[in-house]
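Dear colleague,

I am passing on the model below, together with notes on what came out of going through it. Please read the notes with the coordinates open beside you.

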Amino acid sequence: MGQVAWKGLFLSLFDYKTEKYVIAKNKKVGILFRILQLSILAYLVGWVFVVKKGYQDIDTSIQSSVITKLKGVAYTNTTELGPRLWDVVDYVIPPQSFGIPDAVCTKNSDCPEGEPVIAGNGVKTGRCLKSGAVNTTGMCEIFAWCPLEKRQKPQIPVLGKAENFTVYIKNSIRFPKFKFSKTNILNTDDDSFLKTCRYSKENHYCPIFYLGKIVSWSGNNFQEMALEGGVIGIQIEWDCNLDRDASECHPQYSFTRLDNKFTEKTVSSGYNFRYAKYYRDANGSDYRTLIKAYGIRFDIMVNGKAGKFNIIPTIINIGSGLALMGAGAFFCDLVLLYFIKKSNFYRDKKFEEVKSSKKTLPVNGQKKSKSHDAIDQMKQLQSVET
């Protein structure tokens, strides 16, 4: 490559190239192009920036803690327990049979001492108890509390009046990226606020809920659920726009029943647990009162996100919108050049084919290239048309 060629290549680095635009007087394609532009603009402004707040930096790594307290008093008078007053110490308890298939035996060696009974209530003592005949089948003696648990289910809920009990749910959240913290309790100096307020959809900064209302908001009947128990999920959702005042960041509650009693009754529907109270009489014998409690369990789940203006996601989303605009123009080009009746005509106008040739022809005693001759002809043609 000669010196002239290298010089031309170097100088071409400083050339500016611009696109050639062809204005197509086609109303159908023009209307299609404007519809695409308006649709993309509506998507960018309405969905990306207004609904999804694409101009914000988002933090979804919410940190949360939940504290609950239950309050209420009820009086019952049953055959098993007699007259009894129930308060918060009695009914707030953390979660904790006659036919025993694996205790069947024919000899003492079938009942290893100390082996726990999987379906029973204790451990084997090493003795096989039989009714009398030598070769008959017996049952392993089990060291356990007697009598065994009754298998009858209650016919009416013991604490049916607990519908008016109150549940206190304190939730504190923090978004570490923005160093923003808040609780679901109204920021007030009034000491009587928590004593008198009750949660409602209009008063979402009161953390005290009626137990019956929580059950009804989940779509269930309290008396039916109190009979066999159930599990209710309490969802607390925080959606905070930190471009606004912190007072506009509110907790939103939703209530759903989580155990599998939805369409039909199943073996595992409801919720219950067992706990015991122990005592010893004057003779030194140990006793216990076993209680199988059918209750309502609360699973509290906290989710949330916070957003604040940031120039980086704003630029990224604007750039994405401009790219979509270019995609709209590309689609209209395809329609114009390949799918309408006069597509050949528009292709000829849009694409210009230029061929170079070194072959020269004598003109008035001088040599001219074919390309120069073509340019002269175009100039002559233009002068005629004008």
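Two strands are taken as paired if DSSP finds at least two bridges between them, and the elements themselves are DSSP runs numbered from the N terminus, with helices being H or I over at least four residues and strands being E over at least two. This is a predicted model, in which local features need pLDDT of at least 70 and side-chain atom pairs count only at pLDDT 80 or more, while totals for chains, interfaces and linings use all residues. Residues are numbered from 1 along each chain as its sequence is written, and side-chain values use heavy atoms, with hydrogens and water left out.

On confidence, pLDDT is the predictor's confidence in each residue, on a scale from 0 to 100. The protein has a mean pLDDT of 79, with 78% of its residues at 70 or more. Residues 377–386 have pLDDT below 50, and beyond near neighbours in sequence this stretch makes zero contacts in the model, a contact being heavy atoms within 4.5 Å.

The small sheet

Three strands make up an open sheet in the order β5-β7-β6, with antiparallel pairing. Its edge strands are β5 (104–105) and β6 (123–129), each of which pairs on one side only. Between β5 and β7 there are two bridges in the antiparallel sense, and Val104 has Met139 in β7 as its bridge partner. On the other side, β6 and β7 (residues 138–143) pair in the antiparallel sense over four bridges, with Lys124 standing opposite Ile142 in β7.

Cys105 belongs to β5 and is buried, with a relative accessible area of 1%; here buried means under 20% relative accessible area, exposed means over 50%, and partly exposed is in between, using a 1.4 Å probe and protein chains only. Leaving out residues up to four places away in sequence, Cys105 touches Asp110, Cys111, Cys128, Leu129, Thr137, Gly138, Met139 and Cys140. Cys105 and Gly138 are 33 residues apart in sequence, yet their C-alpha atoms are 5.2 Å apart in space.

Pairing around β15

Strand β15 (residues 296–309) pairs with β1 in the antiparallel sense over four bridges, and within that pairing Gln56 stands opposite Phe309. Strand β11 (residues 230–241) runs parallel to β15 and is joined to it by 12 bridges, where Asn241 has Gly307 as its bridge partner.

Phe309 also appears among the contacts of Thr314, which touches Phe49, Gly54, Tyr55 and Phe309 when residues up to four places away in sequence are not counted. Thr314 sits in helix α7 (residues 311–339) and counts as buried because its relative accessibility is 11%.

The second largest pocket

A pocket is defined on a 1 Å grid over the protein atoms alone, as an open set of points where a 1.4 Å probe fits and where protein lies on both sides within 12 Å along at least five of seven lines; lining residues have an atom within 4 Å of a point. Grid points are joined across faces, edges and corners, and the volume is the space filled by probe spheres set on the points.

By this reckoning, the second largest pocket has a volume of about 640 Å³. It is lined by 18 residues, of which Tyr21, Val22, Phe33, Ala329 and Asp333 are the closest to its centre. The elements giving two or more residues to this lining are α2 (27–51), α7 and α8 (343–350), and α7 supplies the largest share, five residues. By class, the lining has 11 nonpolar, two polar and five charged residues, where Ala, Val, Leu, Ile, Met, Phe, Trp, Tyr, Cys and Pro count as nonpolar, Asp, Glu, Lys and Arg as charged, and the others, Gly among them, as polar.

Individual residues to look at

Lys53 has phi near 50°, a positive value in a residue other than glycine; Lys53 lies in the loop between α2 and β1 (56–59) and is partly exposed, with a relative accessible area of 25%. Lys179, in the loop between β8 (166–175) and β9 (180–183), likewise has a positive phi, near 55°, and is exposed at 70% relative accessible area. Arg280, in strand β13 (residues 272–280), is exposed with a relative accessible area of 59%, and touches Ser285 and Asp286, not counting residues up to four places away in sequence.

With best wishes
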